[in-house]
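Q: Please take a close look at one part of this model: its charged side-chain pairs and what surrounds them. Short sentences are fine, but keep the answer connected.

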Amino acid sequence: MQTVVSRSTPSSAPAGAAAAAPSAAGSAYQGYQIIRRNGAVVSFEPNKIAVALMKAFLAVHGTQGAASASVRETVDGLTESVVRALLRSRPGGGTFHIEDVQDQVELGLMRGGHHEVARAYVLYRERRSQERARQGEVQQPAVEPQLFVVDNGVRQPLDSARLQTLIESACADLGADV
């Protein structure tokens, strides 16, 4: 019997074609997760990096940048390089903190020669950090992730009570030291 444990939390993903239809590319990132600032663990979604990059470019170049094919190509290329850098750091899958992802975005912008956009991105992150500090991080309590196991190829929620019973019965005759 093979047992694999994974975490899943409800996410506030926007409704839309990209969010509704998981792609083959999405399965390539299945072993990767993000730790949000509130402690919630969510799936890794490279399209969110692309959205953040596009917003940064729009903040500097204005809304006409969204219609520009060169901006879209630049954002796509930067997104790919950021994702590659993140995946290289954890080749077997793993969890990234949101700050690590944003640091990689900054590095990608600077290495790509987009210094104006990188500066705007850094300033935006700092402004948001100050806003969070003023609010005292009282927005939403952390969502407790739900644990799942894969038992005989079937993914199901972890039954904590059953697990506790199994542990107790396995340890029953081991003595007082256990």
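**Salt bridges and their surroundings**

A: Start with glutamate 99. Its relative accessible area is 29%. Buried would need under 20% and exposed over 50%, so glutamate 99 counts as partly exposed. Keep in mind that the model is predicted.

The partner of glutamate 99 is arginine 37. The two form a salt bridge, with 2.8 Å between the closest N and O atoms. Arginine 37 has 33% relative accessibility, so this residue is partly exposed too. The pair links distant parts of the chain. Glutamate 99 sits in helix H6, while arginine 37 sits in the loop between S2 and strand S3 (41-43). The two residues are 62 apart.

Now move along to glutamate 106. Its side chain meets that of arginine 125 in a salt bridge, at 2.5 Å from N to O. Glutamate 106 belongs to helix H6 and arginine 125 to helix H7, so this pair ties together parts that are 19 residues apart in sequence. The setting is buried at both ends. Glutamate 106 has a relative accessible area of 14%, and arginine 125 has 12% relative accessibility. Each value is under 20%, so both residues count as buried.

These pairs connect. Salt bridges with shared partners join Arg37, Glu99, Asp103, Glu106 and Arg125 into one network. That network includes partly exposed glutamate 99 as well as buried arginine 125.

For contrast, turn to a pair within one helix. Glutamate 80 and arginine 84 form a salt bridge at 3.9 Å, N to O. Both lie in helix H5. They are 4 residues apart, about one turn of the helix. Glutamate 80 is at 48% relative accessibility and arginine 84 at 47%. Neither value is over 50%, so both residues count as partly exposed. Over the whole structure, the search finds 6 salt bridges.

What lies around these helices? The largest nonpolar core has 24 residues. Within that core, Phe44, Ile49 and Leu109 touch the most other members. The elements giving two or more residues to the core are S2, helix H3 (46-61), helix H5 (69-89), helix H6 (98-111) and helix H7 (115-135). So helix H6 and helix H7, which are tied by glutamate 106 and arginine 125, both contribute to this core.

Look at isoleucine 49 in particular. Neighbours within four places in sequence are left aside here. Its contacts are then Phe44, Thr79, Val82, Val83, Leu86, Val101 and Val105.

Phe44 leads on to the aromatic rings. Tyr29, Tyr32, Phe44 and Phe96 make up one aromatic cluster. The structure has 4 aromatic pairs. One of them joins tyrosine 32 and phenylalanine 96: the ring centres are 5.8 Å apart and the planes meet at 5°, so the pair is stacked. Tyrosine 32 is in strand S2 (residues 32-35) and phenylalanine 96 in strand S4 (residues 94-97), so the pair ties together parts 64 residues apart in sequence. Both tyrosine 32 and phenylalanine 96 are buried.

In short, the salt bridge of arginine 37 and glutamate 99 links distant parts of the chain. The stacked rings of tyrosine 32 and phenylalanine 96 tie together S2 and S4.

Definitions and conventions:
Residues numbered from 1 in each chain as written. Predicted model: local features only at pLDDT ≥ 70, side-chain atom pairs only at ≥ 80, totals over all residues. Heavy atoms only, no water. Phe/Tyr/Trp six-rings, centres within 6.5 Å; stacked < 30°, edge-to-face > 60°. Buried < 20%, exposed > 50% of the residue type's maximum accessible area, 1.4 Å probe, protein only. Core = buried A, V, L, I, M, F, W, Y, C linked by side-chain atoms within 4.5 Å. Contact = heavy atoms within 4.5 Å. Salt bridge = Lys/Arg side-chain N within 4 Å of Asp/Glu carboxyl O.
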